2 protein chains.
Amino acid sequence: MLKIPDHQVAGHEAGAGKLGPLVDDSGRFYKPLQSGKRGAEEAAFYESFSSNTKVPEHIRKYFPTYYGTKVMKASTGVEHPHIVLQDLASTRVNPSIMDIKIGSRTWGPEASDAYIAKCLERDRESTSVTLGFRLSGLQVFINNESGFYKPNRDFIHKIGPDDVRVILRKFVSSNPSEKLDTAPDCSLASSVYGGTNGILAQLLELKAWFEDQTIYHFNACSVLFMFEKGLVLNGASSNAEVKLIDFAHVTEGKGVIDHNFLGGLCSLIKFISDILETMGHTATNGQLEV
Amino acid sequence: MLKIPDHQVAGHEAGAGKLGPLVDDSGRFYKPLQSGKRGAEEAAFYESFSSNTKVPEHIRKYFPTYYGTKVMKASTGVEHPHIVLQDLASTRVNPSIMDIKIGSRTWGPEASDAYIAKCLERDRESTSVTLGFRLSGLQVFINNESGFYKPNRDFIHKIGPDDVRVILRKFVSSNPSEKLDTAPDCSLASSVYGGTNGILAQLLELKAWFEDQTIYHFNACSVLFMFEKGLVLNGASSNAEVKLIDFAHVTEGKGVIDHNFLGGLCSLIKFISDILETMGHTATNGQLEV
């Protein structure tokens, strides 16, 4: 039983005559191979990565499990090759999800002039150049009645650096309302961003690897943040998880670290640290429980 | 007594009718204000930096001391405003020096389209995009008879990633000959790059600051490596020093870390670590003393 994913926040969406990802009920995610060499290169990355013994075990958990490729009936109704991956959202109930494209530059050195010009324009218009990353999409679970806070893509594509700061706070707040001028309460910050299993700790583990690894350059990749508010409210762990996705533009590292990804990752880490630090300071002042 | 500096490896050089830096015999370096807003912005940076209480003391040592600005007879013979700085080479005998421009991007987000296009072209042609840094110039002391290994600028502007790796080895070798295919012996690597006061330790101290500081973005800045071979051969410390220079394109950080500088710095750190690691491995094999 194939269906359109419930919790997609960015990327091409399947629809009538439109090619997009599908999921099944066994926890697999079917991503149609993109046109041109992108699709082939993404499949090649997964093949390379899944068999590369230089990738440490503690790093593999940040990547979706890869099950190969499969030609199958696509969302358009016609046969198309797909990359078969782990469905990251399949075991989650009402997951809050954020997709963040990392790097101040989303093109690789070998790209064509035309492609570089197109990417550079988007990088300059978005927060990629200023922040070293940009938001590609998000959904934040509010409650069963209200459902999700899920700003539309046009809105997300236009936001500036200050909005990003607010949205990173909204993501862990009980009041992620539509208005950017409402102060988010960050009531879930310590459970989701903080702690030994929180998002910050995972980002720092990835950072340590990126300071050393020279195998791949992750051009235009995203990190995905996921957690479940319901679990936190029940006093359980938030099940916060960081994953890397979207590998259509990965290139060989050739003995050089991915300084573009690393720089953007460090910038994102600083944003998350700042939120936790603000909470800590506020807590010290006795105004908020963290 | 003003004169042209003996040990300049990059940037505009003073000459007949040409504006360039001068030094005096009291250890001061006079840098002519560049045309347009660059000169004014570099002076403004030094003013801001020298009085900024948020800059930690242990970080100030990585910047030249600033003594203000002065209108004086320039190298062209006519009056011109200069930035008065500490002459970093004044107390050194036969210093080996390398100037490395940090960042895969040498333009700031507020630059004009024309300026961005010009910088982007240079960044792509050089190793800036691939490595996150590029060499701007160097001199390596050989001995009194042979003087310095000092490749000319045309050569330096054309070198690729592999050449950079070789030159970073030549810089700490007793045989920095003209040919890139000669294996550098790296005999000075552990004294210059390694150790608690070596260049790697200093770069790591800077890195820790760049992971946190959101005051300035150091667009198109260079790090300077300096040491004295004579001291090492006499069994003394190499007096290895890292300095940041060239602040004509510094912009405000606005609460965001300088992810572009940090990424490039981490890439450079990896290159230096790799050299030390190779030496360590070689030493373990008993083939070389480090």
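Modeller: A salt bridge is counted here when a side-chain nitrogen of Lys or Arg lies within 4 Å of a carboxyl oxygen of Asp or Glu. In this predicted model, A:Asp113 and B:Arg124 form such a pair, with 2.9 Å between their closest N and O atoms.

Colleague: How many salt bridges are there between chain B and chain A, and how many residue pairs are in polar contact across that interface?

Modeller: The count of salt bridges between chain B and chain A is six, while 14 residue pairs, both residues at pLDDT 80 or more, are found in polar contact across the interface. On the side of chain B that touches chain A, helices H3 (113–125), H4 (128–131) and H10 (259–284) each supply at least two residues, and H10(B) gives the largest share, with nine residues. Sorted by class, that side of chain B has 12 nonpolar, 11 polar and 10 charged residues.

Colleague: What is the area buried between chain B and chain A?

Modeller: It is about 2,300 Å², with carbon and sulfur atoms giving 60% of it. Of the area that chain B buries against chain A, B:Arg124, B:His259 and B:Lys270 supply 23%, more than any other three residues.

Colleague: Which turn and which shift along the axis lay chain B on chain A?

Modeller: In general, two copies of a chain are related by a rotation about an axis and a shift along it. Here a turn of 180° with a shift of 0.0 Å lays chain B on chain A at an RMSD of 0.0 Å, which is the relation of a two-fold axis. The C-alpha of B:Gly263 is the one in chain B nearest that axis, 2.2 Å away. The copies meet through the same surface, because 100% of the interface residues of chain B are also interface residues in chain A.

Definitions and conventions. Residues numbered from 1 in each chain as written. Chains lettered and ligands numbered in written order. Predicted model: local features only at pLDDT ≥ 70, side-chain atom pairs only at ≥ 80, totals over all residues. Heavy atoms only, no water. Least-squares fit on C-alpha atoms with pLDDT ≥ 70 in both. Contact = heavy atoms within 4.5 Å. Buried area = accessible area lost by both parts, 1.4 Å probe. Polar contact = N/O pair within 3.5 Å; in protein donor to acceptor, adjacent residues only side chain to side chain. Helix = DSSP H or I, 4+ residues; strand = E, 2+ residues; numbered from the N terminus. Nonpolar A, V, L, I, M, F, W, Y, C, P; charged D, E, K, R; others polar.
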